[in-house]
Structures are given as structure tokens and as C-alpha cells.
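Dear colleague,

I am handing over the structure we spoke about, and I would be glad if you could look through it before reading my notes. My findings come after it.

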Amino acid sequence: MENTKLTLNIKADSLPAVKEYAKRKHTSLSKMVQQFFDDIVKKEEGSDAFLNKIKQEPIAPEIAALRGILKGKVPDDINLWDAKYEYLKEKHGL
């Protein structure tokens, strides 16, 4: 595969440490950045494949029957993290 040039801006005080890291790992900054990008793409493709597989699975009738049972019982504007925090605070007497 053909390479192309890419210009990156990084903090000046980070560069010496990054260069030293690359030297210890016997690699170049270009290879490190390329590996980073490859890992991102691979992770993204892997998660999409998993999601597509899950979406193709049929929903069990027992689970499908649960759809909508809480509609109207929980306010739409509730933040679940805040509700959990309040519950735990009350439970533990804080």
C-alpha cells in the first residue's frame, strides 16, 4: 500500500517523551501513528459486525411482550444516573 504524508500538531513538551518511547520500542513515530489508526479502524469494524449480528437475531417472544410496559410510568426527563445516586444516598443515609 502506498504511503502519503500527514502533518500532525502536538504539544511541544510531549514530543521528546514520544520520541524516546518510540526509540525504546524500536519503532518510528509514523509506525506508531499508523498502528493507532489501524487499531481504531479495526475496533470500529469489529463493533459494527457484532452489532449487525445482534440485530439479525430474533427477539424472544417473552422479551417482546415486555416492550412498552413502563411507558408513562417513568418521566421522559429523568436522568437514570441521578436517580441511582439519590437512591444510594438515601439507602446509605448520606
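What follows covers the main pocket, one helix with its charged pair, and a single residue of another helix.

Please keep in mind throughout that this is a predicted model.

I began with the largest pocket, whose volume comes to about 580 Å³. Its lining is made up of 16 residues, and those that lie nearest the centre of the pocket are Leu6, Leu8, Leu29, Ser30 and Val33. By residue class, the lining of the largest pocket holds 10 nonpolar residues, four polar ones and two charged ones. Two helices, H1 (15-24) and H2 (29-56), each supply at least two residues of this lining, and H2 gives the most to it, with six residues.

Helix H4, which runs over residues 80-91, has a length that can be checked against expectation: at 1.5 Å a residue its 12 residues should span 16 Å, and the end C-alpha atoms are indeed 16 Å apart, so the two values agree. As for its surroundings, the number of buried residues among the 12 of H4 is zero, and the helix therefore lies largely in the open. Just after H4, Gly93 takes a positive phi of about 65°.

The salt-bridge count for the model comes to one, and this bridge joins the side chains of Lys89 and Glu86, with a distance of 3.7 Å from N to O. Side chains of opposite charge can pair when their charged atoms come close. Lys89 and Glu86 are three residues apart in helix H4, which means that about one helical turn separates them. More broadly, an α-helix has 3.6 residues a turn, so residues three or four places apart point the same way. Both partners fall between the cut-offs of 20% for buried and 50% for exposed: Lys89 counts as partly exposed because its relative accessibility is 28%, and Glu86 is likewise partly exposed, with a relative accessible area of 41%.

Finally, I looked at Asp38, which is found in helix H2 and is partly exposed, its relative accessible area being 38%. The side chain of Asp38 makes a polar contact with the side chain of Gln34, at a distance of 2.7 Å. Should you want a long-range distance to check in your own viewer, the C-alpha atoms of Asp38 and Leu66 are separated by 41 Å, although these residues are 28 residues apart along the chain.

With best regards

Conventions:
Residues are numbered from 1 along each chain as its sequence is written. This is a predicted model: local features need pLDDT of at least 70, side-chain atom pairs count only at pLDDT 80 or more; totals for chains, interfaces and linings use all residues. Side-chain values use heavy atoms; hydrogens and water are left out. On a 1 Å grid over the protein atoms alone, a cavity is a set of points where a 1.4 Å probe fits but cannot get out, and a pocket is an open set with protein on both sides within 12 Å along at least five of seven lines; lining residues have an atom within 4 Å of a point. Grid points are joined across faces, edges and corners, and a volume is the space filled by probe spheres set on the points. Helices (H or I, at least four residues) and strands (E, at least two) are DSSP runs, numbered from the N terminus. Ala, Val, Leu, Ile, Met, Phe, Trp, Tyr, Cys and Pro count as nonpolar, Asp, Glu, Lys and Arg as charged, and the others, Gly among them, as polar. The expected span of a helix is 1.5 Å times one less than its number of residues. Buried means under 20% relative accessible area, exposed over 50%, partly exposed in between (1.4 Å probe, protein chains only). A salt bridge is a side-chain nitrogen of Lys or Arg within 4 Å of a carboxyl oxygen of Asp or Glu. A polar contact is a pair of N or O atoms within 3.5 Å; within protein, one must be able to donate a hydrogen and the other to accept it, and residues adjacent in sequence count only if both atoms are side-chain atoms.
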